[in-house]
Amino acid sequence: MNVLILSETESGFEFVREIICEGASVCARAGSYNEALSQAALNRYDALIINDAAAGKRELFELRNAFARFNADIIFIKNGLFLEEESKELEETGIVSLKKADAQICLAYILSTLKVCRKRIAGLQHQNLGLKKKIDDIKVLNRAKLLLIQNLGYTEKQAHKYIENQAMNLQLTIRNVAMNILKTYEI
């Protein structure tokens, strides 16, 4: 997991790095928001951890947008208390807020949970691609069956059986047979 730590001080960077060193493969430091934005443009990060930097809403939203292109998670550690509405507003934009006092206990757990979630999301995205391909195959098959019905007077059942038989006889996929039918009958 590649993590960028935004901390204005070296001690703040070390504080976070020591907590997450086991869970992160690469830890980089940015000393300012502008530096973090620059690094987001150049490198791919899985997470951005902001350690008690003077954060305005505008800067946080700019960082959220910059890191959104590779779905990086953002964790904002703040010295002192978060107001409930402030914390809720951050969470609505996808930024996890954390009190510095809770950081040692929670941060490693949060990062490991994020890793698990990333793996599950990647699996779902892969599954989604497979389902989209199946839907596309069904659309091509249905268009080919319609052309057989219109041009050869087949019933839907006959058209389907014809395409299946052609696929077996020619040792092609049903999609390839359907594509050949589309090439033959579509102008």
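**Helix H7 and the parallel sheet**

Helix H5 (100-152) and helix H6 (156-170) are among the elements that cover the buried residues of H7, with contact taken as heavy atoms within 4.5 Å. The model is predicted, so to speak of local features pLDDT of at least 70 is needed, side-chain atom pairs count only at pLDDT 80 or more, and totals for chains, interfaces and linings use all residues. Residues are numbered from 1 along each chain as its sequence is written, and side-chain values use heavy atoms, with hydrogens and water left out. Helices (H or I, at least four residues) and strands (E, at least two) are DSSP runs, numbered from the N terminus.

The buried residues of H7 (under 20% relative accessible area, 1.4 Å probe, protein chains only) are Val177, Ala178, Ile181 and Leu182. They sit on the same side of H7, because they cover an arc of only 145° around the axis, judged by the directions from the helix axis to the C-beta atoms. Turned away from that buried side is a face with Lys183 and Thr184, both exposed, i.e. over 50%.

Then there's the sheet: an open one of five strands, paired in parallel, in the order E2-E1-E3-E4-E5. Strand E2 (26-30) and strand E5 (95-99) are at the edges with a single partner strand each, so one side of each has no neighbour in the sheet. Pairing takes at least two DSSP bridges between two strands; strand E1 (residues 2-6) and strand E3 (residues 47-51) have four, in the parallel sense. Leu6 has Ile50 as its bridge partner in E3.
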